[in-house]
Amino acid sequence: MTKPAATPEPYTTVIGLEVHVQLQTNTKLFCGCSTKFGAPPNTQVCPVCLGLPGSLPVMNRAAFQLAMKAALALECRIAPFTKWDRKNYFYPDLPKGYQISQFDLPFSSDGWLEVVDPKGAFARKVGIIRVHLEEDAGKSMHDEAAGTADTRIDLNRAGTPLCEIVTQPDLRSPQEARAWLNELKLLLVYLGVSDCNMQEGSLRVDANVNLHIPCPDGSVAKTPIVEIKNMNSFRSVERALIYEAARQYDEWQATGAELGTTPKQTRGWDDPAGVTRAQRHKEESSDYRYFPDPDLVPVTVSEAEIAAVRASMGAPPTVLRTTLAERWKISAYDADVLVNQGREIVAYFEEVATRVGEGKVASNWLQQDVLRTLNERGEAIAAFPIRPDALADLIGRVQQGDFDTSRGREIFAEVLASGRSVADVVASLGIAAVGDDELIALCRELITANPKIVADVQGGKEQAAAGLIGQAKKKNPNVNPAKVRQTCIDLIKAM
Amino acid sequence: MQPAELSAVDLVAAIRQGDLTAVQCTEAFLERVARLDGSINAFLKVDREGALATAAAIDARRKAGKPLGALAGLPVAVKDALCTRDLPTTCASKMLAGFRPPYDADTVARLRAADAVIVGKTNMDEFAMGGSNENSAFGPVKNPWDLARAPGGSSGGSAACVAADMAPVAIGSDTGGSIRQPAGLCGITGLKPTYGRVSRRGLVAFASSLDQIGPMARSAADCALVLETIAGHDPLDSTSLAADVPRYTELLEQPLTGLRIGRVADHYAAGLDPEVKRGVDEAFAVFEAAGATIHEVELPHAKYGVPTYYLIAPCEASSNLARFDGAHYGHRSNPEGSHRAGSGGQAFESPLVEMYCRSRGEGFGPEVKRRIMLGTYALSAGYYDAYYAKALKVRRLIRQDYLDAFERVDLIGGPVSATPAFKLGEKTGDPLAMYLVDLYTVATNLAGVGGISFPCGFTRGGLPVGFQLQGPALAEPLLLRAADRFQRLTDWHLRRPKQIA
Amino acid sequence: MTLARKDVAKVAMLARLALSDAELDTMTSELSKIVGFVSLLEELDTSAVAPLAHPLDTQNAFRDDVPRPSLTTAEALQSAPHHDGECFLVPAVLGETGAA
């Protein structure tokens, strides 16, 4: 593990994360209602997720298997026996008065996920304490300004399957926390476990943070742990942690309060204001009276089932980075960029690279042209009009010397704009390959017209031949500059 | 022909053969309800129009030669703890005022699919918590054998309506004896099947690991008929058993020769009423005469059954009843009420919490509150191991007692209640005394096995005495066959209360 | 076994039950008796016994990830004490009451 980047702060920030991700199932965890986001309120509800009297839950097999995928990818141990517990508390978005969750026997535990900064600033292996399955709550919409106005309850989300991932307090800076969350999201999206869309609430993060402050006497002071909630993006996680670390340091300097002297505090992140604020502490709220849910039976998992899930997973991003770099002889940095763009980009890249028979050039086109264009157009690769065979066709023509890269870029833009094939665009722009005879005639003409350059080349300054390329392109824009240069040198040397 | 005098088996046959129409049959029972229920209070809701419309539709289909279900035209009364799509479902609680379920319980759906006629919803102890039916928010049910006495509970309305011939069969639910005990005190037959034999979906949960729906009727043969329809796997109840459903009605014929029935010495401890003891002894003698052999067996942890039950059931109930909070259905406190603080003068932290506390404080009756409090306490931080976890361990010991006993005998016999029906109000001031009425019944539920109770005699005062048989898991065919054989040899189950004849 | 009145009040708040002063008095004495009664279990040594939460030995009751019809919004809201045709309405989750 590399040394953490030197920080100017006189303390170490110690961070643990609690991440909730919604699983990409068709139906809810315990009933057959759809989990699709964005439906009108209370249209995806039934007696089970409304918590009507007499209704009973039945476990969604796909949810359990997706959760196992996530746990296995996080190197967790899968419990051979797991059960469902009720977490009892009253809230109107929790219509049963309890959440079906897992308490003392989660289906998986003891894993890790490493994040490596591609620029080498840090590499951090973060321990996973546990991954468990539970049901989501509905949505409460309160008009805070109105104060005492009624709260509106939409139960469409109630019962959506959630994976809760709890890490060890292994992260050592807000930047690491953000990078680790990016890595986690990438992994879960790769596996098809979750779409991890924070705007739609399918990934939510709470952070536990405190400071370790080295003191002059050699001891280390530890500040009280604070849980931060309400962070709506990875960027706000980073900002909130930076703010909270500074706040804790100020408070420690002012009060000297240390871990264990106060009950754990919860603070909410106020994004527009850029501050964390203390949330109201409810005295009895932590007495959840967990007990085994008598409406559900336990789940047992065999080694064979674990193996089957593992076999269905495909390569995770960490493995893919290495194999991509090795297979296509591209740099670790390039492999990282491609893999971080997601499974579809990697597939696109590999198809282009296979067709052109080379990785580096495919990677360059992907990064400089395709990704940039996708960014500008705000498009996903699936909807990108230039398919891998077309891009490979274009790159192939550049490689053959039909035209140069900058000319290739013009063709790329025209294909994108017109939706026509590469061959069509090449023809319509009058870009025809320049034949050998034609090229030699052109070069002879240039040599005759530039005796100074000829003399320089003959005197050993081959680079002087570059002066002929511009003139050649003026006479015929389709000539390949490298070919012009080599042909002219060959002709001069033969004189 | 007087339909009220026929068994359910005979009614179904008469309707199928055309000797009786479904409408005639339904009207005959509804007429008795109209005449008698004012003094018994067995029904919370009588669905006269719905029942007659269903009956008429069945008659029309029969006339048109279309196929009919196994219970075609049979009137059935359903305990108000089961959800019914077109009828209010209250669990005899103010808390469920205004609640209309948008779905049928699995049992109700199976009854409808078999062309049974649902005549109404029966009174019960609030949320099935009680052993006398005095915990109903809508007034107690009276025992048809003596209107000054309780019918038992919690399925007191179901037991009383069958005893008074207001319905040939009724559906009950049994969490710690709530089918068997009122059946015993009302002189009818009630079966609590093995846990999971009948789907719990749509049964408003009291204690999910103990609750089980079952039939209540005048005879074991009638119970067999109804069980055949309501038993079976429900993929939407995770705790429903996948085992095939036997043809219970066709398995009654075999004699009892060689059947081993266990007798538990502890059942005869202090507190057993001498007249009940006499009835039970005579019942054993009948079984011996029928070819069975009687063996002494031990259930060493039986005496811990009631305290174990009164931890596990309230713990589960405290969670199961959390959904009744005034937010999505049921009673919501009027916000302009009198008191502005919680129990012991604690301040409410928000208008929402105030609404919760007051809705639940107003909606639940005293016994329900006691059990919610007990369960909440026993599950709360610091007490879980001492109470809930301890009870689960004793539950294992109790189940093991049964597994051991059923190695030696086929069924276990004994009293269903220590006394015949007690007077209304006799035990209402003492919750613990009321809890002890479940003495002989709770262990069946804790072990998850089946039990049946049926009349085995009468006291000198004319009150029925009940006998209970318990069997291993899925021994319903044997329980029904033994009870049916007993009823072929005796006529206790044919006696009718004089006051309401 | 005697429970303290203030502890019983705390349990009542945890259970979201508003009890009058008289109810709280009665509840305290009744709960004390009942807790004393169930404490009979203490006399059993269960150190070697595994808890039994459920009478069934069955495991792995799953369903396939196939949508089933939901209720209509009107059906979902049909028994709600207060709703706006779209959502359930409940008193404010936030904010103080005029509690005594």
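Asp369(A) is buried, at 1% relative accessibility. This value, like every other one here, comes from a predicted model. The salt-bridge partner of Asp369(A) is Arg409(A), and the closest N and O atoms of the two are 2.7 Å apart. Arg409(A) is partly exposed, because its relative accessibility of 32% is not under the 20% cut-off for a buried residue. Asp369(A) belongs to helix H8 (residues 359-377) of chain A, and Arg409(A) belongs to helix H10 (residues 405-418) of chain A, so the salt bridge ties together parts that are 40 residues apart in sequence.

A second salt bridge within chain A joins the side chains of Arg204(A) and Asp136(A), at 2.4 Å from N to O. This pair links distant parts of the chain, 68 residues apart. Arg204(A) sits in strand E12 (residues 203-214) of chain A. Asp136(A) sits in the loop between strand E8 (123-135) and strand E9 (139-141) of chain A. Asp136(A) is buried, with a relative accessible area of 5%. Arg204(A), in contrast, is partly exposed at 24%. Over all chains, the structure holds 69 salt bridges. In general, side chains of opposite charge can pair when their charged atoms come close.

Salt bridges also run between chains. Asp84(C) and Arg152(A) meet through their side chains, 2.8 Å apart from N to O. Asp84(C) lies in the loop between helix H3 (73-77) and strand E2 (88-90) of chain C, while Arg152(A) lies in strand E10 (residues 151-154) of chain A, so this salt bridge joins two chains. Asp84(C) is partly exposed, with a relative accessible area of 36%. Arg152(A) is partly exposed too, with a relative accessible area of 26%.

The interface of chain A and chain B was examined next. On the side of chain A, 33 residues are in contact with 38 residues of chain B. The size of an interface is often given as the accessible area lost when the parts come together. Chain A and chain B bury about 2,800 Å² between them. Of this area, 59% is on carbon and sulfur atoms. Three residues of chain A lose the most area to chain B: Pro53(A), Leu56(A) and Phe90(A). Together they account for 22% of what that side buries.

Polar links cross this interface as well. The rule finds 17 residue pairs in polar contact between chain A and chain B, with both residues at pLDDT 80 or more. Strand E5 (85-88) and strand E17 (291-292) of chain A each supply at least two residues of the side that touches chain B. By class, that side of chain A has 20 nonpolar, five polar and eight charged residues. The count of salt bridges between chain A and chain B is one. In this salt bridge, the side chains of Asp295(A) and Arg200(B) meet at 3.0 Å, N to O. Asp295(A) and Arg200(B) are also part of a network with Arg86(A) and Asp293(A), joined by salt bridges that share partners.

In chain B, strand E5 (residues 189-192) is covered on both faces. Thr189(B) and Leu191(B) are buried on one side, and Gly190(B) and Lys192(B) are buried on the other. E5(B) runs antiparallel to strand E6 (residues 213-217) of chain B, and two bridges join them. Within E6(B), Ala217(B) is the bridge partner of Thr189(B). E5(B) also pairs with strand E10 (residues 450-458) of chain B, in the antiparallel sense, over three bridges. There, Lys192(B) stands opposite Gly451(B) of E10(B).

One further residue of chain A was traced in detail. Glu379(A) is placed in the loop between H8 and helix H9 (388-400) of chain A. Glu379(A) is partly exposed, with a relative accessible area of 25%. The side chains of Glu379(A) and Arg377(A) are joined by a polar contact of 3.2 Å. Leaving aside neighbours within four places in sequence, Glu379(A) is in contact with Leu374(A), Phe384(A) and Pro385(A). Glu379(A) and Arg267(A) are 112 residues apart in sequence. In space they are 37 Å apart, C-alpha to C-alpha.

Note on methods:
Residues are numbered from 1 along each chain as its sequence is written. Chains are lettered from A and ligands numbered from 1 in the order in which they are written. This is a predicted model: local features need pLDDT of at least 70, side-chain atom pairs count only at pLDDT 80 or more; totals for chains, interfaces and linings use all residues. Side-chain values use heavy atoms; hydrogens and water are left out. Contact means heavy atoms within 4.5 Å. Buried area is the accessible area (1.4 Å probe) that two parts lose on being put together, summed over both. A salt bridge is a side-chain nitrogen of Lys or Arg within 4 Å of a carboxyl oxygen of Asp or Glu. A polar contact is a pair of N or O atoms within 3.5 Å; within protein, one must be able to donate a hydrogen and the other to accept it, and residues adjacent in sequence count only if both atoms are side-chain atoms. Helices (H or I, at least four residues) and strands (E, at least two) are DSSP runs, numbered from the N terminus. Ala, Val, Leu, Ile, Met, Phe, Trp, Tyr, Cys and Pro count as nonpolar, Asp, Glu, Lys and Arg as charged, and the others, Gly among them, as polar. Buried means under 20% relative accessible area, exposed over 50%, partly exposed in between (1.4 Å probe, protein chains only). Two strands pair if DSSP finds at least two bridges between them.
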